[in-house]
Amino acid sequence: MALSMQCSESSLFSDIRDPGARVRKLCDYACQVEVDTAISPKLYLRSGLQMIRMAKVYEEEGNIESAFVLYTKFISLFVEKLPKHPEFKSAPSRDVAAVRQKVKLAFPVAEQIKGKLTKKYAEIERNRQAEERQIQEELERQQEKLRQEEEIRRRQQEAEENCLRLASEAKWMQEQEQRLLELKEQEMMKNIDSQSQILDPANNANQTGLNNQNTKPSAPHGALGLSFIPNNLDDGRPKIEKNLLNDPSRISSSVPNIPDRELKKNLVISDSRLGPPGVDRSSKPTFDHFTSIGVPGNNKGGLRDVFVPSDLVRKFLGVAEHNTMKNIETCGILAGKLSKNAFYISHVLIPKQAGTSDSCVAEDEEDILMYQDPRDLITLGWIHTHPSQTAFLSSVDMHNQYGYQAMLPEAIAIVCAPKFNETGIFTLTQDRGMSDIGCCRERGFHQHCKTPPLFESCSNVKFLDEMRIEMADLRK
Ligand SMILES: [Zn+2]
Ligand SMILES: [Zn+2]
């Protein structure tokens, strides 16, 4: 079940080939989770329950690596890190007990997933090795083909050279025969001359010695030819023959010489699925929040998608209308689920609250938890009206948003300004917004730096027509 997902999901530390070592690395990474002491332990404890909800979803969907990361972060956060928080002792004992109970359950689950994960990584490694073998075999096939082609070329060249050699030998033989014939003719002519001198008495007495020499030549006819042949063997034969037959470099240089290593490199690079070995961007998780899974989402800042039903704002404004008419703000909690690594807002919870023209404070948080817990709802942000102002985040809003966003980087703030027919969906900027507000100790309305802006419109939110929002008005 889980194994079928291994190719589609991105994975951490895929450069580590040993399954055991890879799981250990994942464990080390998840244990590096840190606690921000500016955030109250109570917020962490509440968020812990949502981490478990998210981990369960990843596990059920077969994404056991992400489930393991979240369970491990959860255990490390609440067993090791949070108890060192300076305000831990003042945390609500009910929340501490609830999380302790979840920790007890999380240990065996994490251990079980660890076993599955080791098997999964072993399977991935086996597949990778099989793939590498296939590539190697393909390489060898290509090399063999090249070798065969080279052999054919070599033979063709040899045959051509043979033809040339035979032709030049035949020509040479012809020349020699021609030469021999000429020599024979010359010899014959000399003999005829000398015989005619013997028959001529006038010359006989003076030329006896010469005649003796000529009738007994120092070398036979054939020898004259032979003595001529060796001198002309070197000079007469065409040079091409010597070069081609005796110089091996001449043959090999006419055939493309591709070293195996070079060929391998070319073939491996041409296969874009593979990439250079040992290089993997996912080996160093850049996206690291205690609720994140290490693999960044596709949006700016590595955020996962947040889907919002398109009837949400209209329905919330309907519920808020009574307050809006009286110039009083209304606020609600956005809650929903995780599915396939994206968040879906499904509920707006309207708690008992106290509002003014520019503020709104929830009065009973327990009601919200009582509603959320049995439904496994995750808090995904908040929504409020600005009855007489435009849509923006005031300084008080930004501090409120910080609490949500510190617990879940994808948490959003929806601001509805019906008087201006405006709706803003905001988030604190991940660098300046989160750090400035996190460090700011002022309360009530106050000034923050304006440039760069500390909040911005969300880029990871998408409206869905086919989803319907459920309004849960807890004021009644
Ligand atoms: Zn506001
Ligand atoms: Zn401030």
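Helices (H or I, at least four residues) and strands (E, at least two) are DSSP runs, numbered from the N terminus. This is a predicted model, where local features need pLDDT of at least 70, side-chain atom pairs count only at pLDDT 80 or more, and totals for chains, interfaces and linings use all residues. Residues are numbered from 1 along each chain as its sequence is written, chains are lettered from A and ligands numbered from 1 in the order in which they are written, and side-chain values use heavy atoms, with hydrogens and water left out.

**View 1. Asp95 in helix H4.** Asp95 sits in helix H4, which covers residues 93–199. With a relative accessible area of 10%, Asp95 is buried (buried means under 20% relative accessible area, exposed over 50%, partly exposed in between, with a 1.4 Å probe and protein chains only). Its side chain makes a polar contact of 3.2 Å with the side chain of Arg46. For that label, a pair of N or O atoms must lie within 3.5 Å; within protein, one must be able to donate a hydrogen and the other to accept it, and residues adjacent in sequence count only if both atoms are side-chain atoms. Setting aside neighbours within four places in sequence, Asp95 is in contact (heavy atoms within 4.5 Å) with Lys42, Leu45 and Arg46.

**View 2. Helix H1 and its buried side.** Helix H1 runs over residues 19–30, so to speak a 12-residue piece, and reaches 17 Å from its first C-alpha to its last, close to the 16 Å expected at 1.5 Å a residue (the expected span is 1.5 Å times one less than the number of residues). Its buried residues are Pro19, Arg22, Val23, Leu26, Cys27, Tyr29 and Ala30. They cover an arc of only 160° around the axis, which puts them on the same side of H1; the arc is that of the directions from the helix axis to the C-beta atoms.

**View 3. Helix H3, with Ser66 picked out.** The 18 residues of H3 (64–81) reach 24 Å from first C-alpha to last, close to the expected 26 Å. Of these 18 residues, 16 are buried, so H3 is largely enclosed by the rest of the structure. Ser66 lies in this helix and is buried, at a relative accessible area of 3%. Beyond neighbours within four places in sequence, Ser66 is in contact with Tyr58 and Ile293. Ser11 is 55 residues from Ser66 in sequence, yet the two are 8.8 Å apart in space, C-alpha to C-alpha.

**View 4. The zinc ion (ligand 1).** Here the coordinating atoms come from His384 (NE2), His386 (NE2) and Asp397, which gives two OD atoms, at 1.8 to 2.7 Å. Donors are N, O and S atoms within 2.8 Å of the metal (3.2 Å for Na, K and Ca); water is not among the atoms, so sites may look incomplete. Angles among the four donor atoms run from 54 to 170°, and the site is irregular. Four donors count as tetrahedral if all angles lie between 85 and 135 degrees; four count as square planar and six as octahedral if opposite donors are over 155 degrees apart and all others between 65 and 115; anything else is irregular. The donor residues follow the spacing H-x1-H-x10-D, and both His384 and His386 are buried.

**View 5. The zinc ion (ligand 2).** His399 (NE2), Cys440 (SG), His446 (NE2) and His448 (NE2) are the protein donors, lying 2.0 to 2.2 Å from the ion. This site is tetrahedral, with angles of 92 to 117° among its four donor atoms. The sequence spacing reads H-x40-C-x5-H-x1-H, and both His446 and His448 are buried.
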